[in-house]
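Me: Please take a close look at one surface part of the model below, and then place it in the setting of the whole chain. A connected account is preferred, with the criteria for each term stated.

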Amino acid sequence: WLFVRKDESELGPFHAWNITGTYRGSWKFLESLNSSSKFPDFRKSAGDSVIELVSTPTKITGVHYVQGVIIFHDVFDNKHNVGGAQIRVEGVYIWPFRQLRMVANSGKEGELSQEEDYILSNPYHLVILRILLIRGSLAFDVDSISHWTLRMACNVFEQLGVFSSQVFQESPRDKIWRRKNSPIYEMEKHCNIEIAAQISRISSSQNDGDHDRYHIEGLMESPTVDDDGDCFSPLLLNATSVNIEVYYNKAVNYTLMVTFVSFLQVLLLIRQMEHSNTQSGAAKVSILTIGQQAIMDAYLCLLHLTAGILVESLFNAFATAAFFKFVVFSIFEMRYLLAIWKASRPMNNGEGWETMRRELSVLYSRFYGILLGGILVMYEFHNFLQPILLLLYSFWIPQIITNVIRDSRKPLHPHYILGMTITRLAIPLYIFGCPHNFMRIEPDKSWCICLVVFIGLQASILLLQHYLGSRWFIPRQILPEKYSYYRRFDPEANHAIDCVICMTSIDLTQRSRDCMVTPCDHFFHSGCLQRWMDIKMECPTCRRSLPTA
């Protein structure tokens with residue numbers, strides 16, 4: 001019944017499994033060390049593996065033609081370990097018995113002929129016929145199979161051979177299947193690599209999504225071409241399929257989340273820039289706080305752009321997320337950095353253009369120098385990624401310290417503090433807290449709790465500084481002496497004078513909180529001078545610099 005063409009849905013419990021896809025798993029030698037001396041570059045005894053398979057139905061019911069590539073990581077020493085060992089394989093999948101039989105290509109290049117003599121003389125097709133008819137788990141008798149059946153099988157493999165050559169010729173992975181300077185290429189020329197594997201389906205409780213997932217477990221052997229022993233010890237393969245569609249959907253949802261978060265951050269930055277649109281307001285904001293956030297957004301922009309380049313099918317999604325992050329850091333945050341820098345040096349605004357350009361060059365060179373230096377530090381200490389992230393997420397601390405030193409009044413809008421705190425937590429909590437993230441990183445709940453508490457504590461201190469004063473948590477005994485705008489003034493100045501801001505009279509005969517006096521002994525209404533100091537920290541009358549209120 002195997003060689004009679006039927007509708008696969010009519011075969012009862014024997015329904016075909018589509019094993020096309022990507023499989024991730026591990027490999028290891030059955031012996032503790034590889035005993036072969038033919039390939040001394042094989043230094044490792046175990047490692048990770050990636051299997052990519054394409055399964056195509058044939059005219060023989062129950063038999064699918066399979067082609068693909070197997071990538072073995074951690075096979076060679078460091079000299080040859082770039083990209084791992086990659087083997088191109090082809091074979092058959094006998095789906096009623098869940099048997100997978102594959103062989104590696106011999107390494108011989110050339111066009112495939114369509115003649116039957118070529119098929120019978122090609123070692124690859126002979127091995128496939130031998131696997132299908134003799135070495136498979138099916139107990140067939142070769143002599144009992146008719147000549148018509150054998151010829152039919154040859155025609156099938158002839159067509160599949162031509163199909164295979166076209167597929168591999170058009171495939172973009174053709175570049176990585178041939179590394180003629182690698183030891184694996186020499187092994188393919190001298191060894192008949194054969195793989196026998198069993199396919200099993202993972203239970204629905206362990207599945208991600210609605211699609212079936214499969215597990216491959218098998219043995220890879222390597223008899224030499226001249227029957228002079230084995231090229232290397234038998235190798236055990238274990239791999240589980242990766243649900244690419246679910247993976248892509250998760251990645252797209254992640255990029256949508258990043259895009260939405262970036263849009264919210266743009267709105268929050270606009271709100272904050274309107275809150276501190278004066279020179280005095282911008283001077284209260286710490287340049288380190290905004291600069292640290294700009295560096296974080298620049299890193300995220302580079303990471304998402306790199307991910308889009310590496311995964312071509314997800315380029316549009318990741319490029320969109322990278323574009324929004326680029327807008328956040330290059331347009332809004334860099335513009336805000338420049339405004340803070342100009343506000344912090346008001347006495348130098350009248351200098352020449354050459355001086356201004358030189359100092360701007362120093363500012364930008366420091367920013368991009370820290371950006372590139374941070375990349376090198378993270379690459380060198382990538383094993384300490386979580387502590388480095390905690391250090392990056394201390395961006396509110398410079399503002400807290402600046403508020404205490406300068407006794408600044410309400411430098412940041414409360415909506416900006418809360419909004420930035422929440423949106424900055426979205427990406428790290430997804431990566432290290434979501435159990436089904438598309439990057440397959442194991443969740444670390446303790447680190448996520450530590451991050452939330454750490455940045456939440458910073459935001460709480462900033463909000464309390466906004467409502468209770470910038471030095472609310474510091475004992476008065478250790479606070480430096482602060483100028484009081486409600487100090488006692490000369491009793492002789494008890495006549496009515498005018499406030500030069502609103503041009504109305506100030507009654508000095510009665511002491512109240514409605515009158516403020518500057519260090520240069522000029523009198524103003526309290527509300528008028530406070531609004532003036534939000535714009536300029538200098539006396540409206542004599543232009544002398546004023547201390548913070």
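Reply: Leu464, Tyr467, Leu468, Trp472 and Phe473 make up a nonpolar surface patch, and their combined accessible area is about 530 Å². A patch consists of residues that have over 30% relative accessible area and no salt bridge; like charges are joined within 9 Å, and nonpolar side chains (Val, Leu, Ile, Met, Phe, Trp, Tyr) within 5 Å. Areas follow the Shrake-Rupley method with a 1.4 Å probe, and for residues only the protein chains shown act as cover. The model is predicted: local features require pLDDT of at least 70 and side-chain atom pairs count only at pLDDT 80 or more, whereas totals for chains, interfaces and linings take in all residues. Residue numbers start from 1 along each chain as its sequence is written, and side-chain values rest on heavy atoms, with hydrogens and water left out.

Within the patch, Phe473 sits in the loop that runs between α13 (445-468) and β9 (497-498). Helices (H or I, at least four residues) and strands (E, at least two) are DSSP runs numbered from the N terminus. With a relative accessible area of 38%, Phe473 is classed as partly exposed; the classes are buried at under 20%, exposed at over 50%, and partly exposed in between (1.4 Å probe, protein chains only).

The record also bears on this stretch. An unreviewed UniProt entry assigns "transmembrane region" to residues 317-339, 360-379, 417-438 and 444-464. UniProt positions are given here in the numbering of the model, with feature names shortened, and such annotations may be inferred rather than shown by experiment. In the model, residues 317-339 are 100% helix and 0% strand, with 33 Å between the end C-alpha atoms. Residues 417-438 are 77% helix and 0% strand, and their end C-alpha atoms lie 30 Å apart.

Charged pairs link several of the helices. A salt bridge is a side-chain nitrogen of Lys or Arg within 4 Å of a carboxyl oxygen of Asp or Glu, and by this rule the count is four. One of them joins Lys325 and Asp297, whose closest N and O atoms are 3.1 Å apart. Lys325 belongs to helix α8 (residues 315-343) and Asp297 to helix α7 (residues 287-310), so this pair ties together parts 28 residues apart in sequence. Both Lys325 and Asp297 are buried. Asp297 also bridges to Arg424, with closest N and O atoms 2.6 Å apart. Because Asp297 is in helix α7 and Arg424 in helix α12 (residues 414-433), that pair connects parts 127 residues apart in sequence. Asp297 is buried at 0% relative accessibility, and Arg424 at 3%. Arg424 in turn forms a salt bridge with Glu333, the closest N and O atoms being 3.1 Å apart. This pair links distant parts of the chain, 91 residues apart, with Arg424 in helix α12 and Glu333 in helix α8. Both Arg424 and Glu333 are buried. Through shared partners, the salt bridges join Asp297, Lys325, Glu333 and Arg424 into one network.

Beyond the patch in sequence, three further residues deserve notice. Met503, in the loop between β9 and β10 (505-506), is not a glycine yet has a positive phi near 60 degrees; at 60% relative accessibility, Met503 is exposed. Arg543, in the segment after α14 (526-533), has a positive phi of about 65 degrees although it is not a glycine. Arg543 is partly exposed, at 47% relative accessible area. Thr518, by contrast, is buried at 0%, and lies in the loop between β11 (515-517) and β12 (523-525). Apart from neighbours within four places in sequence, Thr518 is in contact (heavy atoms within 4.5 Å) with Tyr483, Tyr485, Arg487, Phe524, Leu529, Cys539 and Leu546.

For the chain overall, the secondary structure comprises 14 helices and 12 strands, and 44% of the 549 residues count as buried. Of contacts between residues at least 6 apart in sequence, 67% join residues at least 24 apart. The accessible surface totals about 29,700 Å², with 58% of that area on carbon and sulfur atoms.

Confidence should be read alongside these values. The pLDDT, the predictor's confidence in each residue from 0 to 100, averages 76 for the protein, with 71% of residues at 70 or more. Over residues 1-14 pLDDT remains under 50, and the model has 26 contacts beyond four places in sequence for them. Residues 106-181 likewise stay under 50, with 103 such contacts.
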